[in-house]
Amino acid sequence: MVMSVKSIKHKMYSLVFEEGDPHWIALSFAIGLFFGFMPLFGLQMIPLLILIFALKLYRIAVVSGNVLLNTLTFPVVYTLSFILGTLVMGGGFSFFWNIDKITPLYLMSVFIPIFVGSTIIAAI
């Protein structure tokens, strides 16, 4: 099926300029931000797509909230998530990695504090 330029412009316009309740649009953006904080880097879009269709959220608001957070702030967010998660879990943290110590168990000791910290930040 070949679409005309006019048809493509109309689809893009309807996607970007969805009309609706400002509260629902803001909620959609907030849900996108929430999933942007989750440490599922690269996999966040799967649950987001399910929520977009299940809750009839505003697609562009959800995706822009998620993409904005991920592209601009993910190094800071994941660093702060790791620090917060480590402090909440009662451990010390170090930013110095020894390449010889990187094992699956060691990676889990990094991932779990990031998951805990990012979940706390996302809930706030």
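## Nonpolar cores

In this predicted model, the largest nonpolar core consists of 11 residues: Ile31, Phe35, Phe37, Met38, Leu48, Ile52, Leu57, Val62, Leu69, Val77 and Ala122. At least two residues of this core come from each of helix H2 (22-37), helix H3 (45-55) and helix H4 (59-88). Another core, of five residues, lies apart from it; Tyr78, Phe82, Val110 and Ile114 are among its members.

Ala122, a member of the largest core, touches Phe34, Phe37 and Met38 when residues up to four places away in sequence are not counted.

## Packing of H4 against H5

H4 packs with helix H5 (residues 104-123) at an angle of about 100°, and the two axes are 6 Å apart. Since angles of 65 to 115 degrees count as roughly perpendicular, H4 is therefore roughly perpendicular to H5.

On the H4 side, the contact is made by Tyr78, Leu80, Ser81, Phe82, Leu84, Gly85, Thr86 and Val88. H5 contributes Ser109, Val110, Pro113, Ile114, Val116, Gly117, Ser118, Ile120 and Ile121. Sorted by class, the contact of H4 with H5 holds 11 nonpolar and six polar residues, with no charged residues. Tyr78, Phe82, Val110 and Ile114 of this contact also belong to the five-residue core.

## Aromatic pair

The count of aromatic pairs comes to one. Phe34 and Phe35 have ring centres 5.5 Å apart and ring planes at 85°, so the pair is edge-to-face.

Phe34 has 32% relative accessibility and so counts as partly exposed. Phe35 has 14% relative accessibility, which is under the 20% limit, and therefore counts as buried. Phe35 is also part of the largest nonpolar core.

Note on methods. Residues numbered from 1 in each chain as written. Predicted model: local features only at pLDDT ≥ 70, side-chain atom pairs only at ≥ 80, totals over all residues. Heavy atoms only, no water. Core = buried A, V, L, I, M, F, W, Y, C linked by side-chain atoms within 4.5 Å. Buried < 20%, exposed > 50% of the residue type's maximum accessible area, 1.4 Å probe, protein only. Helix = DSSP H or I, 4+ residues; strand = E, 2+ residues; numbered from the N terminus. Contact = heavy atoms within 4.5 Å. Axes fitted to C-alpha atoms, helices over the stretch in contact; angles between N-to-C directions. Parallel < 35°, antiparallel > 145°, perpendicular 65-115°, else oblique. Nonpolar A, V, L, I, M, F, W, Y, C, P; charged D, E, K, R; others polar. Phe/Tyr/Trp six-rings, centres within 6.5 Å; stacked < 30°, edge-to-face > 60°.
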